[in-house]
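Here is a short briefing on one protein chain. Look at the model first, then work through the points below.

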Amino acid sequence: MREPKLSRLIRIGLLPALMAGASLSAQAQSNSAADKDKGQTSATEAKGDATTANANTYRGLRASEMIDMSVINPKGDNIGQISDMIVNMKTGDVRYAILKFDPGILQGEELYAVPTTELRIAADRNDVVYDMSETKLERARIDRDDWNDGIWDDPDYVAKLDKTNGVKQPARSARAHRASDLIGKDVNSKSGEKIGELEELIVNMAQQKVHYAVLEFDPSWASSEQNYAFPLTSFKLTDGKDELALDITKDKLAAMKSFSDSRYDNLNDSVWVADIDRYFITVLPALDGTKTAAKSGTNDDSANTLFARLDENKNGSLSKTEVEDTADVDHNWTSFDKNDDDRISREEFTSSYPVESK
């Protein structure tokens with residue numbers, strides 16, 4: 001019986017690496033036992049960092065930098081690159097990473113839609129870790145002609161891909177989009193006036209979601225040195241699908257929080273991440289005249305998420321040190337600390353957040 005094509009490709013692609021490993025075995029055996037143990041410990045710790053950090057910690061990355069990021073296997077061997085990512089604009093979910101493999105590993109002309117739940121960011125944040133297998137790749141393979149023909153506009157195709165990969169299928173109206181198509185798109189006001197462009201998507205790989213989109217406004221609206229964060233769900237595609245629309249006015253923009261490009265160097269600062277969540281929970285709803293909605297039961301999950309990010313030592317309560325750079329909590333400490341014990345419990349926090357600033 002002839003060996004399946006994909007199986008042969010994987011075996012052939014990995015064969016050179018195995019041969020190289022064999023040729024170095026004699027040299028490896030000459031290493032001291034101490035060095036060997038040290039090397040094994042380091043490899044184990046590195047793999048653990050990649051997995052644990054992704055599962056439990058916010059991991060913010062620029063989508064534009066993730067595209068073309070190297071993909072490695074759990075042993076650290078380079079196997080390919082990320083070609084693109086598939087985003088759900090209605091929920092912010094990053095459902096798939098489109099992988100292309102290096103020549104010798106798999107055929108270079110083929111692409112693979114890998115669920116982002118199967119990926120891990122390496123501890124150094126420079127690589128994506130993927131535990132490649134024949135079964136996974138058979139499910140993930142997509143035809144390059146289909147890719148070029150805009151398959152993500154076809155809900156039937158995407159639904160079939162979701163079912164094959166065991167990915168939870170969203171509502172049929174939840175369109176899938178390539179991240180590379182969204183980045184750089186013109187953004188218009190509700191009246192159709194061009195106001196800027198979508199500069200970046202910040203992806204939280206711990207949850208496989210777009211945490212926020214970055215909008216760069218035209219000079220007539222705001223300084224070119226400043227950027228503004230919006231939930232991805234704030235943007236709508238225009239009828240022609242070539243541009244995005246955002247319900248915004250200059251008066252509303254003047255009251256919004258901006259940040260400079262230097263923020264990209266430290267996207268994972270806990271105070272910054274918590275402040276973005278606070279901003280989305282309180283400021284934006286207030287600007288839209290819907291501040292009371294932020295007090296509803298739907299706020300519980302957001303408040304719990306914000307609490308977890310502020311609770312750096314994970315002891316179940318907040319100290320003044322942990323919230324000193326988070327103005328709305330710091331300035332309203334007494335509103336949270338109801339029993340006056342110099343700490344804010346999770347229950348105190350979630351029952352009081354958000355609060356009116358004093």
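A charge sits over a ring if NZ of Lys or CZ of Arg is within 6 Å of the ring centre and within 35 degrees of the ring normal. Arg 62 lies over the face of Tyr 264, at 3.8 Å from the ring centre. Keep in mind that this is a predicted model. The chain has 358 residues, with 15 helices and 18 strands.

**The chain as a whole**

- Buried residues account for 42% of the 358 residues.
- About 18500 Å² of the chain is exposed. Carbon and sulfur atoms supply 48% of that area.
- Take the contacts between residues at least 6 apart in sequence. Of these, 57% join residues at least 24 apart.

**Charges over rings**

- Arg 62 has its place over the face of the Tyr 264 ring, as said above.
- Lys 250 lies over the face of Trp 221. Here the distance from the ring centre is 5.5 Å.

**Salt bridges**

- Side chains of opposite charge can pair when their charged atoms come close.
- How many salt bridges does the structure hold? The count is nine.
- Asp 341 pairs with Arg 343 in a salt bridge, and their closest N and O atoms are 3.2 Å apart. Asp 341 is partly exposed, at 31% relative accessibility. Arg 343 is partly exposed too, with a relative accessible area of 37%.
- Salt bridges that share partners also link Arg 62, Glu 65 and Glu 200 into one network.
- Within that network, Glu 65 forms a salt bridge with Arg 62. Their closest N and O atoms are 3.9 Å apart. A salt bridge needs a side-chain nitrogen of Lys or Arg within 4 Å of a carboxyl oxygen of Asp or Glu, so this pair counts.
- Is Glu 65 buried or exposed? Glu 65 is exposed, because its relative accessible area is 51% and exposed means over 50%.
- Asp 186 forms a salt bridge with Lys 194, with the closest N and O atoms 3.4 Å apart. Asp 186 is partly exposed, with a relative accessible area of 24%. Lys 194 also counts as partly exposed, at 40% relative accessibility.

**Nonpolar cores**

- The largest nonpolar core has 61 residues. Which residues have the most contacts inside it? They are Tyr 130, Tyr 212 and Phe 235.
- A second, separate core has 14 residues. Among them are Ala 303, Leu 306, Val 323 and Trp 333.
- Phe 235 is buried, with a relative accessible area of 2%. Beyond its neighbours within four places in sequence, Phe 235 is in contact with residues including Met 89, Val 187, Leu 198 and Leu 246. Phe 230 is also one of its contacts.

**Aromatic pairs**

- The count of aromatic pairs comes to 11.
- Why is the pair of Phe 230 and Phe 235 edge-to-face? Their planes are at 75 degrees, and planes over 60 degrees apart count as edge-to-face, so the pair fits. The ring centres are 6.0 Å apart.
- Phe 230 is buried, at 3% relative accessible area.
- Ring pairs link these two into a cluster with Phe 217, Trp 221 and Tyr 228. Trp 221 is also the ring under Lys 250.

**Two strand residues**

- Where is Leu 111 found? Leu 111 is in strand 5, which covers residues 111-115. Leu 111 is buried, with a relative accessible area of 1%.
- Leu 111 and Ser 83 are 28 residues apart in sequence. In space, they are 8.4 Å apart, C-alpha to C-alpha.
- Not counting residues up to four places away, Leu 111 touches Ile 98, Leu 99, Ala 140, Ile 142 and Trp 147, among others.
- Ile 72 is in strand 2, residues 70-72. Ile 72 counts as buried because its relative accessibility is 13% and buried means under 20%.
- Ile 72 and Tyr 130 are 58 residues apart in sequence, but 6.1 Å apart in space, C-alpha to C-alpha. Leaving aside neighbours within four places, Ile 72 is in contact with Tyr 130. Its other contacts include Asp 77, Ile 79, Val 128 and Val 129.

Technical notes:
Residues numbered from 1 in each chain as written. Predicted model: local features only at pLDDT ≥ 70, side-chain atom pairs only at ≥ 80, totals over all residues. Heavy atoms only, no water. Helix = DSSP H or I, 4+ residues; strand = E, 2+ residues; numbered from the N terminus. Buried < 20%, exposed > 50% of the residue type's maximum accessible area, 1.4 Å probe, protein only. Contact = heavy atoms within 4.5 Å. Areas by Shrake-Rupley, 256 points an atom, 1.4 Å probe, with all protein chains shown as cover. Core = buried A, V, L, I, M, F, W, Y, C linked by side-chain atoms within 4.5 Å. Phe/Tyr/Trp six-rings, centres within 6.5 Å; stacked < 30°, edge-to-face > 60°.
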